[in-house]
Amino acid sequence: MSVRSYLVKLKQALHSQAPKTPYRVVTGNQSADMDSVVSAITFAYLTYTLKTPDQFMIPLINIPRADFVLRRDINKLLQYHDISEDLLYFVEDYEKFLKESTSIELSLVDHNGLQGVEINKSFDAGLVNVEAIIDHHADEGMFQNANPRVIRTCGSNSTLVFQYFHKLIAGDESFWKTNKDVIELLIAPLLIDTTNMTQKVEDPDVKALEFYKKILDGDTVSFTTQSSYDDFYRTLKTAKKDISGFSFAEILRKDYKQFKFIHEDRVGFSSIGKPLSWVTSKFSVEDIKKDLAKTLETNQIDLLVITSSFTQKETGIYTREFCYYYEGENVRYADLYQLVWKQLELSTDLYKSDAISSLTNAINSKEAHLKIFNQKKVTATRKQVVPIVKEVLER
């Protein structure tokens, strides 16, 4: 049974309310990048196919359905497999699942702490049990009884999903050879997350790719030579970076995560692949200010952190920026940059500083505050920035 066939069968079962209760749901993290989406879909498929064929598992994409159009790379990948949006499930569907099931057995992939307002509310209400975790982020120490509970660093979380099920069936190659489409899905986030196996690669990633290539050798799709893999990576990477036609608010939503810290700080983190100076060249100050305010209001957050990463065209220097926006008077947020200054190696030596100064001068007032810094510690991605900000705000 192909991955698509499973999703069709699941759709039919949910339509007729045939699945057993409590419903079993697997979700990736709130950024809903390719790694999270593919990890969730393949985890659901492999769990049903290899472990519990008598009970469906629902892959949930942890964003509103309307935001899925912003993930052009994921849409392109799923198009290769004829998986349309109507076969997928989003946060709007989660409330329906709760009504039909009254409780949820939840598995987490690509994160190990609950993310999303809806999921957190249902957990606080005692309606959710976390039964499994497979993740490559820092261990938050929660849900110690989850089984499996696989948490370790790796280039791509999809690798850990594959590794778990590969071990489960003792490396039986016949299953993978007759279900190549799952390999064709799994290889995509591996290539994207490791920049075509050139960054953040760990031993499980190398072994996974070797196995993928072995299974796909001679395949009729498009993976028979190294150039085909390279072309596949470039196609998906181009789609991922394509933000043409997006508003600034949509760019902020494209790769977004949200957390609530112990002092009730509600903080959103947006990652963008363009310098803040580029934002000033594409959008008016009025639009930028409006979309920053809109992001706080829509997500009901107190603080928005923007982490940008890009390569300077003039010099080829890889650069990161640390930026944050909040409204009203809050001494802790006003001093946030000082609290993370050393850890992120911040400086005021900004790329195209004139454009940045013009933006901050136009936006900053008693009501609105935008702070932008050069982040010299370029190895600190959002994965590292989030716990750093969390630690200083929770003091």
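This passage walks through the nonpolar cores, the aromatic pairs and the salt bridges of a predicted model. Local features need pLDDT of at least 70 and side-chain atom pairs count only at pLDDT 80 or more, whereas totals for chains, interfaces and linings use all residues. Residues are numbered from 1 along each chain as its sequence is written, and side-chain values use heavy atoms, with hydrogens and water left out.

A good place to start is the interior. The largest nonpolar core (a set of buried Ala, Val, Leu, Ile, Met, Phe, Trp, Tyr and Cys residues joined through side-chain atoms within 4.5 Å) has 78 residues. Its largest share, 10 residues, comes from helix H2 (residues 34-50); helices (H or I, at least four residues) and strands (E, at least two) are DSSP runs, numbered from the N terminus. Ile104 is among the residues with the most contacts inside this core. Leaving aside neighbours within four places in sequence, Ile104 is in contact (heavy atoms within 4.5 Å) with residues including Pro22, Tyr94 and Leu127. A second, separate core of 26 residues includes Phe246 and Leu370.

Aromatic rings come next. The structure holds 27 aromatic pairs, in which rings of Phe, Tyr and Trp (its six-membered ring) have centres within 6.5 Å; planes under 30 degrees apart count as stacked, over 60 as edge-to-face and the rest as tilted. Phe310 and Tyr351 form a tilted pair, 5.4 Å centre to centre with 40° between the planes. Phe310 belongs to strand S8 (residues 303-311) and Tyr351 to the loop between strand S10 (346-347) and helix H16 (353-363), 41 residues apart. Both Phe310 and Tyr351 are buried, where buried means under 20% relative accessible area, exposed over 50% and partly exposed in between (1.4 Å probe, protein chains only). Ring pairs also link Phe162, Phe175, Trp176, Phe211 and Tyr212 into a cluster.

Charged side chains add further links. The structure holds 22 salt bridges, each a side-chain nitrogen of Lys or Arg within 4 Å of a carboxyl oxygen of Asp or Glu. Asp255 pairs with Arg382, the closest N and O atoms being 2.6 Å apart. This salt bridge links distant parts of the chain, since Asp255 lies in the loop between helix H11 (248-254) and strand S6 (256-260) and Arg382 in helix H17 (residues 382-393), 127 residues apart. Asp255 is partly exposed at 21% relative accessibility, whereas Arg382, at 10%, is buried. Finally, Arg65, Glu85 and Asp93 are linked in a network of salt bridges.
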